[in-house]
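Hi there,

Here is the structure I promised to pass on to you. Have a look at it first, and my notes follow just below.

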Amino acid sequence: MTERSLARELAEAISSGEAVPGSGWVAGVSAALAAALVAKTAKRSEGWSESEGARAQAIELRDRLLALAQQDAQAYETALTSLERRDSGLARSLAKAAEVPLAIGEAAADTAQLAAEAAERADGSARADAAAAACLAAGAAQAAHRLVEVNLATAADDERLRHAGRAAEAAADAAQQALATEP
């Protein structure tokens, strides 16, 4: 399958009328793709002495984010089913639907911070990929924060909401740091 057909298939699945994949899944996959860019940046940076460790960390983040994206899709489907049935498990389903985006936001923030480090230390043109990765990860963290907020709408004082906000802020700071590095 070519990159073009893979991208088209992905875009068509997302733009379908189906509830899943939804924004949580997209945020997780987007952050995973950002982590993949960091891995690529590290692989292409022979002058960066810690590049192998950064690459391993980026691959671990990529894989974790892909797993979280799948978990989010499942949690979202469960929450929708509970909402439709108005069953007694709705509160539990919504809580789970908030926990997964929180984990996505935290992993996206870790990805953005790793990308900012890569933007400072990578070789030449690979720095642009790292800066782009930081921006993508920051966007995913912001999206995840919003999903946590929506799923915890009845529990505004919930600590998970504050955690998601801190992760989104850390990711945004890392993206700004990455964008400020010399090309």
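Val26 sits in helix 2, and this is a predicted model, so please read all that follows in that light. With a relative accessible area of 27%, Val26 counts as partly exposed, because that value lies between the 20% and 50% cut-offs. Along the chain, Val26 and Ala69 are 43 residues apart, yet 7.2 Å separates their C-alpha atoms.

Ala31 is also a residue of helix 2. Is Ala31 buried or exposed? Ala31 is buried, as its relative accessible area is 0%. The contacts of Ala31, apart from neighbours within four places in sequence, are Leu65, Ala108, Thr111 and Ala140. There is also a pairing across the sequence here: the C-alpha atoms of Ala31 and Ala137 are 4.7 Å apart, with their positions 106 residues apart along the chain.

Now for the helix packing. Helix 2 covers residues 23–43 and helix 3 covers residues 51–85; their axes come within 8 Å and cross at roughly 165 degrees. An angle over 145 degrees counts as roughly antiparallel, so helix 2 and helix 3 fall in that class. Helix 2 passes helix 3 with a left-handed crossing. Sorted by class, the residues in the contact of helix 2 with helix 3 are 17 nonpolar, four polar and five charged.

The other partner to look at is helix 5 (residues 126–151), which packs against helix 2 at an angle of about 160 degrees, the axes being 8 Å apart. Helix 2 is therefore roughly antiparallel to helix 5. The crossing of these two, helix 2 and helix 5, is left-handed. On the helix 2 side, the residues making the contact include Ser23, Gly24, Ala27, Ala31 and Lys40, while the helix 5 side includes Ala126, Asp129, Ala137, Ala140 and Leu147. How many residues of each class does the contact of helix 2 with helix 5 have? There are 13 nonpolar, three polar and two charged residues in it.

One last residue, from elsewhere in the chain: Arg160 belongs to helix 6, which spans residues 159–179. Its side chain makes a polar contact with the side chain of Glu99, at 3.3 Å. Leaving out residues up to four places away in sequence, Arg160 touches Ala95, Glu99, Leu102, Val148 and Leu152.

Happy to talk any of this over whenever suits you.

Best wishes

Key. Residues are numbered from 1 along each chain as its sequence is written. This is a predicted model: local features need pLDDT of at least 70, side-chain atom pairs count only at pLDDT 80 or more; totals for chains, interfaces and linings use all residues. Side-chain values use heavy atoms; hydrogens and water are left out. Helices (H or I, at least four residues) and strands (E, at least two) are DSSP runs, numbered from the N terminus. A polar contact is a pair of N or O atoms within 3.5 Å; within protein, one must be able to donate a hydrogen and the other to accept it, and residues adjacent in sequence count only if both atoms are side-chain atoms. Contact means heavy atoms within 4.5 Å. Axes are lines fitted to C-alpha atoms, for helices over the stretch in contact, and angles run from 0 to 180 degrees between N-to-C directions. Angles under 35 degrees count as roughly parallel, over 145 as roughly antiparallel, 65 to 115 as roughly perpendicular and the rest as oblique. A crossing is left-handed if the near helix is turned anticlockwise from the far one by less than a right angle, and right-handed if clockwise. Ala, Val, Leu, Ile, Met, Phe, Trp, Tyr, Cys and Pro count as nonpolar, Asp, Glu, Lys and Arg as charged, and the others, Gly among them, as polar. Buried means under 20% relative accessible area, exposed over 50%, partly exposed in between (1.4 Å probe, protein chains only).
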